[in-house]
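User: I should like to learn how helix geometry, packing and burial are read from a model. May we work through one together, feature by feature?

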Amino acid sequence: MASGRTGNGRGRAVAPSAMTGSTGRRPEERSAAGPAVERLPLPAGAALSLAAGLYGGVARLADGVSAPSASAAQHGPLMVLGFLGTLISLERAVALRSRWAYLAPALAACGGLLAFTGVGEPSGRLALTAAAAWLVAIHLVPARRRPGWDTALQVGGSLAWYAGGMLWLTGRPPADLVPWFAAFLVLTIAGERLEPARIAFTGRLATGGLAVCGAVVLAGAAVSAWTGGAGWRITGIGMLATAGWLARYDIVRRTVRSTGLPRYTAVCLLAGYAWLAAAGALWAVHGRPEWSFAYDAALHALFIGFVISMVFGHAPVILPAVLRIRLPYHPVLYPPLVLLHAGLAVRVAGDAVGDTAARTAGGVLGGAAIVLFAGCTVAAARLTRPAAARRTGGDEEGTP
């Protein structure tokens, strides 16, 4: 697995890693071969799951907004598995450079589509669960060559997705599976952040500490299959410990003082770690909240505040790695990030006081931030094109 260094302090990403854009070449080198058109259906499938999940989420919040019943009912799985599961498995497949690995994102994208349409919905659950099994296999290939705690955490995350999917196939509702899907994302991201942290700061003792945090998260998910309240509390403790470890050891502690893309990525990650800690604290104290507002705050602090912030921070390196397209950094990426966290703060505040209007407004702002981010990534590419052309004497094709 490639190194996860976030940047070199001069505004350019170096050897990014996974959720985080794993690859062995710089973005400009990857784009030189031209766009990877053959891969486009996979991120397009992820985007469809994202759009369906966002629309279903808004329909659940706002009166008068109608959405297909499957879109609203499967809001969580569409976002977590259909969207994020496809992206993560696609990035891993690209990094592995083996054609067989692309079956994982293909299954995840198809599963999300089936879940959204409601046609053959059990088939959608089966496809999403099969994608998790294939992702485990993808992670095990580099594990045989170079075993380490980073790979072990990612394998654990994939197994959590698979276990949650198997329980889903038995008829468990998605609300019962939240700790499993939380473990999938938390362990995957923690594993990807471990290698750059180890290079920059840590020794073996600290590295093992993150593995212990991940084991607690995974143990909580397992306990939740039998005792929901205790399982959520244990998972929350593990999430809180993971957030503390990442805030202490992640290389973003250094790169936040840099400029350009390294600073932007660091801001995204540090804000995400704060929300992960908040979600962990809520889960540790309340277990599985019975009050709908507390349940809403706990879930969205994790899945929006932490996970989507990771997506924002690493999109400028994930997309060039996956699609071989240029996506230069531009400060226009900051407004969606601010809107995302402001909207989530409004939503959580509304949850805290039981204000339905504030909760709805915060949810709509969060969805708008994700849509705005998509637009700003396109704008960033267009806004940086004239400057890039000037640097190369007007030859845009030679622009790094």
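User: How far apart are the end C-alpha atoms of H13, and what would a straight helix reach?

Analyst: In this predicted model, the end C-alpha atoms of H13 are only 40 Å apart, although the helix has 32 residues. A straight helix would reach 46 Å at 1.5 Å a residue, so H13 falls short of the expected span, which is 1.5 Å times one less than the number of residues.

User: Where in H13 does a kink lie?

Analyst: A kink of about 65° lies at His314, shortly before the proline Pro316. H13 is also mostly covered, with 29 of its 32 residues buried. Just after H13 comes Arg324, which takes a positive phi of about 55°.

User: How does H4 compare with its expected length?

Analyst: H4 spans residues 75–96, and its 22 residues reach 30 Å from the first C-alpha to the last, close to the 32 Å expected at 1.5 Å a residue. Even so, H4 has a kink of about 35°, centred on Gly85.

User: Why is H4 described as largely enclosed by the rest of the structure?

Analyst: The reasoning rests on burial, where buried means under 20% relative accessible area. In H4, 19 of the 22 residues are buried, so the helix is largely enclosed by the rest of the structure. Thr86 is a residue of H4, and its relative accessible area is 0%, so it counts as buried. Leaving aside neighbours within four places in sequence, Thr86 is in contact with Leu42, Ala46, Leu81, Pro105, Ala108 and Ala109.

User: How should one read the phi of the residue that follows H4?

Analyst: Most residues other than glycine have a negative phi. H4 is followed by Arg97, which has a positive phi of about 60° although it is not a glycine. Arg97 lies in the loop between H4 and H5 and is exposed, with a relative accessible area of 61%.

User: Is Ala101, in the loop between H4 and H5, buried or exposed?

Analyst: Ala101 is buried, with a relative accessible area of 0%. Setting aside neighbours within four places in sequence, its contacts are Ala93, Leu96, Trp134 and Ile138. Ala101 and Trp134 are 33 residues apart in sequence, while their C-alpha atoms are 7.4 Å apart in space.

User: How is the packing of two helices described, and at what angle do H2 and H5 pack?

Analyst: Two packed helices are described by the angle between their axes and the distance between the axes. Helix H2 (residues 41–61) and helix H5 (residues 103–117) pack at an angle of about 30°, with their axes 9 Å apart. Their crossing is left-handed. On the H2 side, the contact is made by Leu42, Gly45, Ser49 and Ala52. The H5 side supplies Pro105, Ala106, Ala109, Gly112, Leu113 and Phe116.

User: What general idea helps in reading such a list of contact residues?

Analyst: An α-helix has 3.6 residues a turn, so residues three or four places apart point the same way. Among the residues that make the contact between H2 and H5 are Gly45 and Ser49 of H2, and Ala109 and Leu113 of H5.

User: Which residues does Ser158 touch?

Analyst: Ser158 lies in helix H7 (residues 149–169) and is buried, with a relative accessible area of 0%. Not counting residues up to four places away in sequence, Ser158 touches Ala132, Leu135, Val136, His139 and Phe184.

User: Where is Trp291 placed, and how accessible is it?

Analyst: Trp291 is in the loop between helix H12 (260–286) and helix H13 (292–323). At 45% relative accessibility, Trp291 counts as partly exposed. Beyond its neighbours within four places in sequence, Trp291 is in contact with Asp351, Ala352 and Gly354. Gly354 is 63 residues from Trp291 along the chain, and their C-alpha atoms are separated by 9.8 Å.

User: What can be said of the protein as a whole, beginning with how many helices and strands it has?

Analyst: The protein has 15 helices and zero strands. Buried residues make up 55% of its 400 residues. Of the contacts between residues at least 6 apart in sequence, 73% join residues at least 24 apart. The protein exposes about 15,600 Å², and carbon and sulfur atoms supply 66% of that area.

Key. Residues are numbered from 1 along each chain as its sequence is written. This is a predicted model: local features need pLDDT of at least 70, side-chain atom pairs count only at pLDDT 80 or more; totals for chains, interfaces and linings use all residues. Side-chain values use heavy atoms; hydrogens and water are left out. Helices (H or I, at least four residues) and strands (E, at least two) are DSSP runs, numbered from the N terminus. The bend at a residue is the angle between axes fitted to the seven residues ending there and the seven starting there. Buried means under 20% relative accessible area, exposed over 50%, partly exposed in between (1.4 Å probe, protein chains only). Contact means heavy atoms within 4.5 Å. Accessible areas come from the Shrake-Rupley method with a 1.4 Å probe; for residues, only the protein chains shown count as cover. Axes are lines fitted to C-alpha atoms, for helices over the stretch in contact, and angles run from 0 to 180 degrees between N-to-C directions. A crossing is left-handed if the near helix is turned anticlockwise from the far one by less than a right angle, and right-handed if clockwise.
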